[in-house]
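The following exercises concern helix packing, sheet order and contact surfaces. Each task is followed by a worked solution.

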Amino acid sequence: MTKKVELLSPAGDLERLKIALLYGADAVYIGGREYSLRANANNFSLEEIKEATSFAHKLGKKVYLTLNIVFHNEDLEGVYEFIKEVVDAKIDAFIVSDPFLIRYIKENFNVEVHLSTQGSTTNKEAIRFWKKEKVDRVVLAREVSIKEIKEILDEVEIDLEVFIHGAMCTFYSGRCCLSNYFTNRDSNRGGCAQVCRFAFDIEGHEEKFTIATKDLNMAEYLDKLIDTGVKSLKIEGRMRSLYYLATVISSYRRLIDDYYNKTLTKEKIKKEEKILSRVANRETSTHYYMKQADYKDQYYTGRQELSNQDFLGLVLSYDKVDKIATLTQRNYFKENDEVEIFTPSGKTYSFTIDKVYDKDMNSIEVARHPEEIIKLKVDFPIEENSMMRVRIK
Amino acid sequence: MKLTVIPNSIDHIEKYKKIGAKAFIFGLKGFSSGYICTGTIDQIIELTNRNPDIEIFIAMNKNIFNSELPELENTLKKLEKTKIKGVLFYDLAILNLKIKNNLSLDLVWNQTHMVTNYNSCNYYYEKGVKYGVLSGEITLEEIKEIKKKTAMQLFVTVMGYPIMSFSRRTLLNNYFLANHKKKDKDTYIIKNNNEDYIIEEEDNGDAIYYGKILNGSIVLKEMDVEYVILNEFGIEEELFAKTLSLYQKIIDEKKEHAIEEADHLLGTYRGFFFQKTIYKVKKND
């Protein structure tokens with residue numbers, strides 16, 4: 001049987017990790033409380049890392065830990081002890097950018113090392129270098145094309161990981177310290193302030209000068225990417241919400257499974273693209289994968305990022321006897337709204353809300369308070385951790 | 001400590017040599033990012049032949065793509081036969097090609113913002129990389145500690161507009177295309193929150209520079225590194241020459257109040273020499 005390409009999800013905390021894995025990710029990447037490039041995400045304590053690996057391994061899935069800051073001298077103290085503790089917590093791989101760590105981990109532990117995209121690896125000769133250094137996997141730079149990926153894999157036997165969805169850096173990863181100069185926050189140590197989303201005045205012209213990029217979305221060309229032989233398809237966003245993760249992972253899970261089942265059709269891709277387009281409210285592009293990125297891959301004026309109101313509630317439980325679903329409310333909904341519930345196992349059910357009740361089964365007609373416990377009459381059984389959203393037609 | 005100049009033109013070499021520059025860094029056509037003064041291999045060979053009294057380094061610091069590898073390999077083989085002192089590299093393809101072809105070509109680790117600790121300096125030194133250009137975002141204390149704990153010969157940039165970022169995207173060109181306007185030059189000043197920044201477009205993409213000139217006159221005597229870099233990009237020739245002269249005098253301790261004079265000429269922007277970056281934002285910040 002063909003081994004499927006890995007679907008790799010971000011997870012900013014334990015709750016997100018569980019959702020990501022339940023919704024179809026094969027592996028997740030997480031950050032510890034130190035040494036990760038998202039210093040301001042919640043991140044994982046050592047105990048949480050243990051819980052994460054235990055949860056994932058029971059499902060036959062993997063957890064990778066980002067250790068990909070660019071170290072300053074002061075960061076070196078304690079890192080070796082931290083690595084040992086994380087290895088003991090049964091992490092499956094470290095994602096690293098500073099080369100001394102690659103050597104240290106490979107010499108001392110039997111654990112995989114993945115070279116971070118911070119390394120901006122763009123060619124087969126650089127990959128040969130890392131292969132000799134015993135790197136198990138290279139996360140390619142976001143500036144390479146599908147053609148170049150194929151060229152690499154035609155000549156070098158190595159696991160490659162590529163981004164398929166999410167926000168893009170304007171600059172080569174690792175080659176940007178805008179944040180350091182604008183805000184004193186160190187972009188290569190996890191403090192990126194996303195200065196590339198700022199607007200500038202430019203001499204001699206009235207229109208604002210912007211450098212922000214559209215998001216990446218490879219749903220349409222996923223088959224071509226899998227055909228290259230890459231081992232892992234990565235979704236960006238350790239700071240993203242539960243709903244975002246569940247939605248994006250579900251869509252790509254279906255696309256990947258359809259690819260291997262030979263049931264992938266243009267209609268199915270269009271449907272998933274529609275779902276994906278609603279979840280982040282940003283325009284998307286394929287950036288460098290299909291051609292050199294150009295002005296159409298950037299934002300200039302008129303961009304609005306509206307907060308997403310689609311996510312209505314997270315299903316906590318379902319009472320099969322009384323046919324009552326219990327949810328925590330996330331956005332306003334009411335009786336007679338057309339909604340759908342999508343489940344961790346990949347099913348989607350559409351229905352019209354009949355009755356809305358509070359936690360004590362008092363009829364309330366409208367659910368208007370975030371995190372409020374709500375009960376709904378639903379005629380079909382629903383898995384725990386399913387999500388209810390506005391119906392996407 | 002050798003004053004090392006990244007000049008805007010080869011015509012400036014003689015003048016800067018006379019003032020005290022002992023080393024120069026030039027770009028190589030097709031393989032450099034952020035270098036105004038670039039040449040072909042033949043031009044570089046001619047430069048080294050005409051200037052045996054200075055050290056000439058070549059910057060091949062762009063990100064390399066598969067299609068460029070054959071030319072890169074040939075170029076490195078040709079450079080081995082020249083009198084250049086070393087090649088500044090960003091992409092690991094260059095180190096791998098040196099190892100693969102057993103080239104006796106000295107390399108300079110120049111991964112702009114990533115040369116920040118002694119362990120990784122030692123890692124590359126053990127791989128045969130003789131020199132490193134330290135990142136502009138580390139403190140003087142960090143520089144001193146790295147110097148103590150590595151045998152790698154070090155460059156530190158002490159004067160010039162600091163580079164902040166480099167993109168493969170042609171951000172200027174894209175802006176003008178999107179706004180249906182004509183781009184009439186490759187360098188523009190952009191502003192945010194009343195601060196100026198410089199954006200420069202070249203064939204390989206766009207670089208953005210901080211809008212204040214780094215003035216490291218005050219740290220020259222405190223650092224024990226082998227090379228200090230002064231970058232002429234965006235700076236008038238006369239101002240640059242005066243600065244170079246003052247820096248030489250500071251190193252030689254031949255002039256009182258030279259630091260104050262340099263401050264008067266350039267301002268007192270010290271980059272990160274005395275300022276640590278932060279990366280965890282406290283709650284409520």
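**Exercise 1.** Identify the elements against which the buried residues of α5(A) pack.

*Solution.* Step 1: in this predicted model, local features need pLDDT of at least 70 and side-chain atom pairs count only at pLDDT 80 or more, while totals for chains, interfaces and linings use all residues. Residues are numbered from 1 along each chain as its sequence is written, and chains are lettered from A and ligands numbered from 1 in the order in which they are written.

Step 2: helices (H or I, at least four residues) and strands (E, at least two) are DSSP runs numbered from the N terminus. Helix α5 of chain A spans residues 124–132, and 7 of its 9 residues are buried (20 or more other C-beta atoms, placed from the backbone, within 10 Å of the residue's own). They are Lys124(A), Glu125(A), Ala126(A), Ile127(A), Arg128(A), Phe129(A) and Trp130(A).

Step 3: within chain A, these buried residues pack against β5 (112–115), β6 (137–139) and α6 (146–155). From chain B, α3 (69–80) and α4 (92–100) are packing partners. Contact here requires C-beta atoms, placed from the backbone, within 7 Å.

Step 4: just after the helix, Lys134(A) has a positive phi of about 75°.

**Exercise 2.** Explain why β17 and β18 of chain A each have one side without a neighbour in the sheet.

*Solution.* Step 1: the open sheet has 7 strands in the order β17-β16-β21-β13-β14-β20-β18 (chain A), paired antiparallel; pairing requires at least two DSSP bridges between two strands.

Step 2: β17 (348–352) and β18 (356–358) of chain A stand at the edges with a single partner strand each, so one side of each has no neighbour in the sheet.

Step 3: inspect one pair. β13 (residues 311–319) and β14 (residues 324–329) of chain A are antiparallel over 6 bridges, and Val315(A) lies opposite Leu327(A) in β14(A).

**Exercise 3.** Describe the contact between chains A and B: how many residues of each take part?

*Solution.* Step 1: 53 residues of chain A are in contact with 51 residues of chain B.

Step 2: elements of chain B giving two or more residues to this side include α4, α5 (118–126) and β10 (187–192).

Step 3: by class, the chain B side has 26 nonpolar, 16 polar and 9 charged residues. Nonpolar covers Ala, Val, Leu, Ile, Met, Phe, Trp, Tyr, Cys and Pro; charged covers Asp, Glu, Lys and Arg; the others, Gly among them, are polar.

Step 4: β8 (residues 199–202) of chain A pairs antiparallel with β10(B) over 2 bridges, where Ile202(A) stands opposite Ile190(B).

Methods. Buried ≥ 20, exposed ≤ 12 C-beta atoms within 10 Å, placed from the backbone. Contact = placed C-beta atoms within 7 Å.
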